[in-house]
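Me: I have a structure open and want to talk it through. Can you take my questions as they come?

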Amino acid sequence: MLGRHSYRVHPSDARWVVLKEGEAEPRARFDSRQAAVEEACRLAAADQPSRLTVDDGDGRILEERLFGADLAQELGA
């Protein structure tokens, strides 16, 4: 598959949730943003190329990280 896998960290019901785009259920839930971001980084690093976005729950992106090279961009697709 060309393109980046997308992971998202956002608050939900007083916890921080880690989601992978296309999956119905969260990968994990944490009490702190830091713990959720650390887990999402671990997942994204193991699933390259990937992107991690952290948002405030209202859609405003607070942070974005990229992992690995996106072959689709390198090939000019």
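Me: Which residues is Leu-52 in contact with, leaving aside its neighbours within four places in sequence?
Reply: This is a predicted model, to be clear. In it, Leu-52 contacts Tyr-7, Arg-8 and Val-9. Val-37, Ala-40 and Cys-41 are also on the list. So are Glu-63, Glu-64, Arg-65 and Phe-67.

Me: Which residues touch the most other members of the largest nonpolar core?
Reply: Leu-52 is one of them, along with Val-9, Val-18 and Val-37. The core has 14 residues.

Me: Which elements give two or more residues to this core?
Reply: Strands β1 (5-12), β2 and β4 (50-55) do, and so does helix α1 (33-45).

Me: And where does the largest share come from?
Reply: From α1, with 6 residues.

Me: Switching to the sheet. What order do the strands take?
Reply: β3-β2-β1-β4-β5. The sheet is open, and its pairing is mixed.

Me: Which strands stand at the edges?
Reply: β3 (28-30) and β5 (61-67). Each has a single partner strand, so one side of each has no neighbour in the sheet.

Me: How many degrees does the twist average from one strand to the next?
Reply: 15 degrees.

Me: Back to β3. Do tell me, how many bridges join β2 to β3, and do they run parallel or antiparallel?
Reply: Antiparallel, with 3 bridges. β2 covers residues 15-20. One pairing to look at is Val-18, whose bridge partner in β3 is Ala-28. Val-18 also belongs to the core group I named above.

Me: Now Lys-20. Where is its place?
Reply: In strand β2.

Me: Is Lys-20 buried or exposed?
Reply: Buried. Its relative accessible area is 15%, and the cut-off for buried is under 20%.

Me: What joins the side chains of Lys-20 and Asp-47?
Reply: A polar contact of 2.9 Å. Beyond its neighbours within four places in sequence, Lys-20 is in contact with His-5, Ser-6, Tyr-7, Arg-27 and Asp-47. Tyr-7 is on the Leu-52 list as well.

Me: Zoom out. What pattern does the chain follow along the sequence?
Reply: β-β-β-α-β-β-α. That is 2 helices and 5 strands.

Me: What share of the residues is buried?
Reply: 36% of the 77 residues.

Me: And the exposed surface, how much is there?
Reply: About 4900 Å². Carbon and sulfur atoms supply 46% of that.

Me: Last one. Among contacts between residues at least 6 apart in sequence, what share joins residues at least 24 apart?
Reply: 39%.

Methods: Residues numbered from 1 in each chain as written. Predicted model: local features only at pLDDT ≥ 70, side-chain atom pairs only at ≥ 80, totals over all residues. Heavy atoms only, no water. Pairing = 2+ DSSP bridges. Helix = DSSP H or I, 4+ residues; strand = E, 2+ residues; numbered from the N terminus. Axes fitted to C-alpha atoms, helices over the stretch in contact; angles between N-to-C directions. Buried < 20%, exposed > 50% of the residue type's maximum accessible area, 1.4 Å probe, protein only. Contact = heavy atoms within 4.5 Å. Areas by Shrake-Rupley, 256 points an atom, 1.4 Å probe, with all protein chains shown as cover. Polar contact = N/O pair within 3.5 Å; in protein donor to acceptor, adjacent residues only side chain to side chain. Core = buried A, V, L, I, M, F, W, Y, C linked by side-chain atoms within 4.5 Å.
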